[in-house]
Amino acid sequence: MPVPDAVDGTPFAVRGRSLSGSSVATEANSRWQAGREDLRSRPPSATGHVQRAEAAKGGRTTGADNDLYINQAVVFIEDAIQYRSINHRVDSRSLWLYRWYYSRTCQWILSLTITIILALALIEKPSSLTITSDVRYRLPAWNPPCGLTESIELFCFLVFMVDLSVKSYLIGWEEFWKNKWLMAYILTLIVSLTDWIVSLSFFCTENARIRRIFRPFFLLQNSSMMKKTLKSINSTLPEMASVLLLLAVHLSLFTMFAMLLFARTKDGQQDKEWVVYFRNLPDSLTSLLVLLTTANNPDVMIPAYSKNRAYSIFFILFTVLGNLFLMNLLTAIIYNQFRGYLLKSVQSSLFRRRLGIRAAFEVLSSLKETPGIAQQSYVSAGALVQVLQKVGMDSRCKQVLMRSLKRGSCDQLSASQFQKLFEELDKDAIKQHPPSPEYQSRFMQKMQFAFGHPYFGYLGNVVALANIVSICVVLVMDADKQPSERDDFFLGTINCFFIIYYLLEMLLKILAMGLKRYLSYPSNRFDGLLTVILLVLEIATFAEYGFPHRGWRPEFMGLLSLWDMVRLVNMLIVFRFLRIIPNMKFMALVVTTLLDLVKNLRAFAGILVVVFYAFAITGIMLFKDAVGPMRNISAVNTTYDNVTLQCGTYEQLEYWPNNFDDFAAAVVTLWDVMVVNNWQVFLEAFSRYSSPWAKIYFVAWWLISSVIWVNLFVALLLENFIHKWDRRCHREPPSGIEYQRTVELMFRDVLEEPTEEELMEKLHQHPHLQLCR
């Protein structure tokens, strides 16, 4: 689900006045850090409060003003919770529209619309609704009638136009024309609608639909994290370009050496290296480029190496310099550029949260007039309670804030107290486990102690390991047997025994812990669910085929054969063995680290989706129906259907399902090329079937996906894992509630809290928020 972009750059109103004009730029993390040293060099000044026109006149606030201040504070706190910018209109009508736009329903509709328009590529012509993508066996796909997908597209475009209109209004028209993303949003919609009209005018018979390539933009512009990531990648391009240029020089020099070293000779028998790999400049470049990825190693070396072992020096030297040095240097440069990227992002998020809380404080401080001699503003606890009742936030966090206010000894909160109170937002509480049942019987107490003890869980892990070992033994023994020769008695018997143990283990744990406490642990829910599924499958097997006995090989009956049901049971048992992970501290640390990384790397996964989508649509436009079964064959090594095929070619390897005839097949083909195993087969085949210039498409995809994105992913994986690993021994202080460390708290020891001067300076930069120190 895409993360909605925060509405940025909008001035906000005070005292019920709707204000317009310029505002602070969207990205807070670049501005406030740049002015940190300048702020610290200034002499400290007293913190001011919002200067109201009515206060200057000695007037009183009205009930409507108070309601407006309350609603403004509600929105500012919600902005802080979601790390959104506070720079938006905050008059009464705009506040209602703003909260409606960021409501769960509205954002769900927008996310669903983006998903639908991206998924249209699977059903529109050329449709992916076939069982196989193999050109030899693929049946004609169902293609929707003209106007069906176009109607869905039009609905999506209307939703995007509403989205654009709301964003534009909320940030203000002057800021709208300065926002490059919104301008690109308009341009994308105009191009898409124009192409949509052209498509209908041709009755959906046109081959190229340009608007499909622009669809990923709707996903990109709706995620602020993806925008930040794209900006960071753009800032890294100059350094990456220098290494890529060095790679190009390396490749060019060795290509010239290779063409001189393996030039054609008078002896045709000795020219195999020249014929296959270095016949001309394009073939030579391609051969060494593929060797840079080691995909054709040692094939490219064998013809020359078989003639003279000294030729191996050339290929080894090329691989060492290119693959081991330059490619790893590129990874190091990317890591160096992105080192601290997550930290900077978290620092920026922390500043946005603190700024939103401080803005709420400044608004609420106007509800009650403070004495003129006061150097500091205050917020009444009653007003804050009124605000918290309206704020959309986690119920647990809201309850903790309410309890903190009730326990407080003073009715007035200063700015520091107000900020400290909302530090609860940085914590993510784990639900406390329900208590175990209290038994009166001494025998039940002993059973509860025995079956609730961790050693009972360890025994279950040993039994699960024994189950896995027994399955492995049976699989090894029956590996070469035909289904008719296989005796399933032993496997069925041990499965029955272990499933009975798993059932007893689950029941005894429920007896010892109680049902609610048992279900409060994710590992127990995982065990229990698999145990129930295994029990149902075992009962179904007995009902269909009877109990295990010697020569238990009944014929196929029902939905699944006996062997299929036994295999399904065994796969679930193997999957159940994952229960040991929480009990192995080292493995649990690695697994939890990887799970924590998922939410931090969603932006990069989203960018990969964008690139995959754009390249897949482009590939369909370029290579649709280019590959046909047994066309343009000129090969020498293998006979297939009375046609001789060259060993290692697209045809001989039967890569027919890898094509660009529909969207799903194109995505799989791009994945295979990104992995770079045998990607030279695709280079050669599509160059032969379409045009020699097809190599540019595949090389561009290799550069973007395998070189840049994969190295970027590795760099960020290292950055996240190192921070997590260095803090593996951290323990929260004991308290009534156990807290899980969020991403922000994971970097708590290196994050810098924004100072009072920095927050007020940021608020002062807003031309329509009048503050005095």
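Trainee: Why is the disulfide of C146 and C204 right-handed?

Mentor: This is a predicted model, where local features need pLDDT of at least 70, side-chain atom pairs count only at pLDDT 80 or more, and totals for chains, interfaces and linings use all residues. Residues are numbered from 1 along each chain as its sequence is written, and side-chain values use heavy atoms, with hydrogens and water left out. A disulfide here is a pair of cysteine sulfur atoms within 2.5 Å, and C146 and C204 have an S to S distance of 2.0 Å. The pair is right-handed because the torsion about its S-S bond is about 65°.

Trainee: How many residues apart in sequence are the parts that this pair ties together?

Mentor: Helices (H or I, at least four residues) and strands (E, at least two) are DSSP runs, numbered from the N terminus. C146 sits in the loop between α6 (104–123) and α7 (148–171), and C204 in the loop between α9 (180–201) and α10 (211–214). The parts tied together are therefore apart in sequence by 58 residues.

Trainee: Is C204 buried or exposed?

Mentor: Buried means under 20% relative accessible area, exposed over 50%, and partly exposed in between (1.4 Å probe, protein chains only). Its partner C146, at 42%, is partly exposed. C204 has a relative accessible area of 11%, so it counts as buried.

Trainee: Which residues of α19 are buried?

Mentor: Helix α19 covers residues 395–407, 13 in number. From first C-alpha to last it reaches 18 Å, close to the expected 18 Å (1.5 Å times one less than its number of residues). C397 has a relative accessible area of 4%, so it is buried. The buried residues of α19 are R396, C397, V400, L401, M402 and L405.

Trainee: Which residues touch the most other members of the largest nonpolar core?

Mentor: A nonpolar core is a set of buried Ala, Val, Leu, Ile, Met, Phe, Trp, Tyr and Cys residues joined through side-chain atoms within 4.5 Å. The largest one has 146 residues, and its largest share, 13 residues, comes from helix α28 (residues 602–623). The members that touch the most others are F160, F418 and F422.

Trainee: What is F160 in contact with, leaving aside neighbours within four places in sequence?

Mentor: Contact means heavy atoms within 4.5 Å. With those neighbours set aside, the partners of F160 are L110, T113, I114, I117, Y185, L189 and F218.

Trainee: What separates the C-alpha atoms of E423 and L401?

Mentor: E423 lies in the loop between α20 (415–421) and β3 (428–429). Along the chain, E423 and L401 are 22 residues apart. Their C-alpha atoms are separated by 9.7 Å.
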